[in-house]
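Trainee: Please take a close look at one part of this model with me, starting with the order of its elements, and then place that part beside its partner. I am new to this structure, so please explain each term when it comes up.

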Amino acid sequence: MKARYQNRIELLQGTLDLLILQTLQWGARHGYGIAQAIRAGSGDVLRVDAGSLYPALYRLERKKWIKSEWAVSDKNQKVKAYSLTAAGKKKLVEERSNWERLSAAMAGILYPSEKESEA
Amino acid sequence: MKLFRWRRRKEEELDAEIQSYLDEAISDRMERGETAEQARANALIEFGNVGLVKEVAREMWGCGLLERLGQDLRFGLRMLWKDKGFTAIALLSLALGIGANTAIFSIIDAALIKTLPVKNPERLVSLERGDVPPGSSRDGFSHAFFEKARMQQELLAGVCAFWTGPRVNVALDGQAEVASAQRVTGGFFAVLGVNALLGRTITEEDDKVPGAHPVVVISHHYWRRRFASDPAVVGKTILLNGHPFTIIGVTPPEFFGAIVGEAPDFWAPMMMTEQISPGDSIKGYYRMGFSPMLARLKPDVSEQQASTLLTELLRQTALEEVGIEIELWSPERQQALRRQSIALIPASRGFAAFGFPTARTRFSEALRILMAVVGLILLIACANIANLSLARATARQKEIAVRLALGASRFRLIRQLLTESLLLAGLGGALGLALAWWGISFLLALMASGRTPVYLNVTLDARALMFTAAASVLACILFGLVPAWRATDVGLTPALKDSSRSAEGGARLTAGKSLVVMQVALSLSLLIIAGLFVRSLGKLYMLDAGFKKENVLLVSTDPRMIGYQGKQVSALYQRLLERFKTIPGVRSASLGWAGLLSENWIKNLGTLHVQGRPAPPGSPRRPQLVGVGPDYFETVGMTILRGRSFTARDFDRGSGQKAVIVNEAFARYYFGEEDPIGQRFGYNEAGDGQEIVGVVKDAKHSSLREPAQPTWYGAAFRQEATTFQLRTAADPIRIIAAVRQAAREIDGALPLYNIKTLARQVDESLAQERLISALSSFFGLLSLSLAGIGLYGILAYAVSRRTREIGIRISLGAQPGAVLRMVLRQGLILTLLGVGIGLAASFAATRLLESQLFGVTPTDPVTFVGAPILLLTVALLAGLVPARRATNVDPLIAIRQE
């Protein structure tokens with residue numbers, strides 16, 4: 001059991017929201033689709049379990065950053081599809097720039113020599 | 001309802017969504033080549049705990065908290081309903097505990113804590129003497145000083161004084177009755193800041209000229225009782241002692257006057273003293289002094305400033321009063337006069353805080369003890385419920401383990417269990433409030449039945465409700481938290497396998513055991529307290545009071561209320577006495593100026609001198625004087641020890657030398673072992689005037705608790721209020737109608753009051769003692785039964801856990817007697833532990849009760865042996881049922897059970 005989780009990285013607090021918003025950027029997806037997209041996009045490193053995904057989806061929906069409607073999936077099943085709202089799109093841009101600043105800052109600390117050579 | 005439907009829709013959506021997630025995952029896996037079964041299993045494993053996902057997802061729905069609370073409450077109610085026995089015991093003990101606490105708190109609040117229901121009570125101060133010049137025993141303030149203080153406008157918004165009493169004969173529409181009055185100076189209502197509910201209050205204008213303004217303000221309760229809340233009462237004329245008075249107003253319902261514990265029926269101006277109180281004059285009050293005196297400070301004036309000013313006024317007035325004569329005084333005396341001062345005491349809670357024998361001093365000690373007693377009861381009730389909950393939690397161990405295994409968090413479960421406790425506490429609190437309502441009226445009735453009735457304005461107000469809520473929540477935490485914590489502390493695997501074999505029970509049993517020990521200790525303490533009070537009361541009743549209380553009827557009257565004066569009064573008394581003697585069933589009749597155990601005393605007669613003897617050594621004692629009619633000692637059953645009783649000749653005013661009878665205490669104090677018969681004493685320097693003709697056995701005149709005071713009895717038909725004593729052949733209650741009829745024949749208007757038996761008078765003088773012992777016994781027995789239930793619970797539980805072990809013992813040849821003893825021993829050990837702790841605690845604590853006890857020491861051996869025996873008996877009985885059950889264990893069934 002444990003081995004399965006060894007390659008996984010714990011998501012930083014708040015990053016799941018960003019990943020979900022990003023995943024929805026190109027159109028509506030259902031819950032399973034979002035989980036799969038994150039997993040595939042991260043090369044199987046990031047796995048979002050249902051216990052984190054659904055609370056996050058409901059939270060984002062309550063903040064009116066995403067909306068949901070019932071649809072039929074490509075496998076012909078009735079699913080609930082989530083899509084970005086206008087507020088969600090703005091939030092995504094904001095969160096992305098936040099993340100870039102954060103990762104740049106992290107990089108600056110973790111690889112100081114590169115920074116110096118750039119300067 | 002709307003919320004409910006919304007919630008169901010959300011729930012269905014969530015189910016559908018999770019289902020679609022799983023379906024997608026399964027078909028995904030099948031596309032990758034897994035078999036349908038594999039795909040399904042793997043998808044479920046990957047998804048995780050469906051219930052938990054639902055739970056965390058629901059939390060995001062917003063109103064989850066409220067929703068869950070509703071859920072918990074519904075579930076809790078169901079669990080409580082399922083376990084009716086537990087719920088009934090828990091609710092009953094909680095209701096009694098909380099109800100008793102609320103009732104006692106409400107009364108303590110009204111008597112000791114609440115401020116007067118007046119405007120800005122914190123600005124009220126009472127005037128007290130600081131340094132009193134030696135030789136001046138007067139504790140009141142002179143009229144001149146009162147006027148000076150009243151006239152100054154600088155620091156005080158007003159000054160007033162008031163006098164309680166007397167009883168007044170009220171005639172209205174041809175019906176007479178006796179009511180209680182208070183006389184006030186004109187500023188009384190303005191200083192207190194009390195406005196009339198109807199009409200107006202008494203003002204300075206009403207209190208300027210003696211006898212000029214016959215007006216009264218009636219109290220709300222009198223208005224309701226006597227006038228049926230008639231709004232047209234203002235302007236009505238009533239006859240007070242035969243004088244017409246106009247009702248000018250009604251006070252608000254919450255206003256009971258400035259003395260907590262009293263409830264005057266009406267207030268009249270001080271200047272009407274001669275009409276209200278026959279025989280009194282305003283000049284007399286000027287001489288006696290103004291006390292209590294009440295003042296209202298102006299805003300922003302400190303007590304310090306005001307007391308400085310008033311002290312200055314006091315000294316100035318005193319100098320003016322003494323005048324030129326001061327030149328003759330010794331320097332010390334002059335200095336003392338100039339040094340006297342005034343202390344201001346906050347009076348926001350009304351009078352009674354300082355030496356007034358009213359509610360605050362009379363019942364406060366009893367109330368404090370009762371508060372402690374009911375606090376203990378609540379603790380015991382909580383321990384009992386905690387104990388029962390522990391046993392219940394064990395029974396629910398499997399349910400809890402299953403819920404934990406299904407992913408419920410421990411916090412969530414604790415919350416669920418606490419919700420159940422809160423539900424219990426809430427229901428118990430609500431029931432307790434109902435009980436408190438009943439309890440308060442019971443207590444108030446008891447307090448008002450005393451010899452000096454105490455009236456309190458007690459209502460179940462917001463403060464009482466808050467107290468109840470706090471007590472309930474506290475109780476809930478006390479009895480709910482530990483069991484909830486323990487119940488959820490479950491080792492999953494053993495608990496799921498089989499609860500009755502798991503090792504967990506050990507710790508839980510220990511917790512239960514210590515609770516039972518605590519319960520036993522607490523209830524033993526309560527039993528001891530109750531025992532001490534009951535024994536004190538018994539001793540008071542068994543006490544030789546010096547008179548025979550059986551078959552005596554007391555009737556009080558005051559002919560001055562209907563205009564009799566001087567000799568007319570004594571003549572009337574003589575006629576009444578003759579008439580009363582002819583009533584069938586009356587064996588003898590007499591009258592006494594001061595009734596037995598009635599608190600009507602004139603003690604301040606000055607210094608008594610015995611002819612030809614120096615004053616006895618030590619601090620001087622002032623003997624009491626009781627004026628009595630013919631046959632007094634025979635009628636009340638007092639024994640003449642030496643000499644003779646009064647004869648008709650002694651009542652003849654003409655005879656110069658007055659014959660008196662003294663009691664043993666008097667004889668001992670003044671004459672030691674010598675024969676007092678024939679000795680003379682008096683209140684003049686010569687010490688003559690009275691000749692002792694007899695010695696009567698000591699009788700308790702003022703209080704059963706105190707030893708008899710030196711007392712002398714004079715033969716007299718006093719011209720004041722009096723009490724008749726009628727000794728009857730049978731139950732004195734039966735002749736009341738005949739007594740009324742007899743009085744009517746002589747004067748139809750004569751007011752009769754305080755008609756009761758002497759036995760009841762004795763009971764009433766013990767109102768506080770009876771209150772404490774009745775309540776403490778009730779709670780003592782209650783705690784005893786709770787302790788019994790607790791013991792039974794813990795032993796029954798232990799037996800049910802040890803069924804297998806007992807079965808093995810029996811199959812190996814243990815005799816039923818041995819099994820019985822084994823279980824009983826367990827109960828006995830717990831009880832003895834509790835008894836030990838309880839005895840030690842009581843031994844240390846009962847000293848605090850000493851002032852309330854009579855005739856028993858705080859470590860009374862009878863109580864300290866009797867209470868543990870009672871407790872052990874109950875413990876044995878409580879243990880017998882589970883012990884018998886243990887002996888009936890069928891070894892075959894017990895062993896096969898697992």
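Mentor: From the N terminus on, the elements of chain A follow the order α-α-β-α-α-β-β-α-α, which comes to 6 helices and 3 strands; here helices (H or I, at least four residues) and strands (E, at least two) are DSSP runs, numbered from the N terminus. This is a predicted model, in which local features need pLDDT of at least 70 and side-chain atom pairs count only at pLDDT 80 or more, while totals for chains, interfaces and linings use all residues. Residues are numbered from 1 along each chain as its sequence is written, and chains are lettered from A and ligands numbered from 1 in the order in which they are written.

Of the 119 residues in chain A, 25% are buried, a residue being buried if 20 or more other C-beta atoms lie within 10 Å of its own, exposed if 12 or fewer, and partly exposed in between, with C-beta atoms placed from the backbone. Two residues are in contact if their C-beta atoms, placed from the backbone, lie within 7 Å; among the contacts in chain A between residues at least 6 apart in sequence, 50% join residues at least 24 apart.

The part to study closely is the pair H3(A) and H4(A), whose axes are 11 Å apart and meet at an angle of about 115°. The axes are lines fitted to C-alpha atoms, for helices over the stretch in contact, and angles run from 0 to 180 degrees between N-to-C directions. The crossing of H3(A) and H4(A) is right-handed; a crossing is called right-handed if the near helix is turned clockwise from the far one by less than a right angle, and left-handed if anticlockwise. On the H3(A) side the contact is made by Gly31(A), Ile34(A) and Ala35(A), and on the H4(A) side by Leu53(A), Tyr54(A) and Leu57(A). By class, this contact has 5 nonpolar, 1 polar and no charged residues, where Ala, Val, Leu, Ile, Met, Phe, Trp, Tyr, Cys and Pro count as nonpolar, Asp, Glu, Lys and Arg as charged, and the others, Gly among them, as polar.

Both helices also take part in the meeting of the chains, where 17 residues of chain A are in contact with 17 residues of chain B. Helix H3 (31–41), helix H4 (50–62) and strand S3 (78–84) of chain A each supply at least two residues of the side that touches chain B, and H4(A) gives the most, with 7 residues. That side of chain A divides into 6 nonpolar, 5 polar and 6 charged residues.

The partner, chain B, has 28 helices and 21 strands. Its radius of gyration, taken over C-alpha atoms, is 37 Å, well over the 29 Å that the globule rule (2.2 Å times the number of residues to the power 0.38) gives for 898 residues, so chain B is more spread out than a compact globule. Along its principal axes the C-alpha trace of chain B spans about 130 × 70 × 60 Å, and buried residues make up 40% of the chain.
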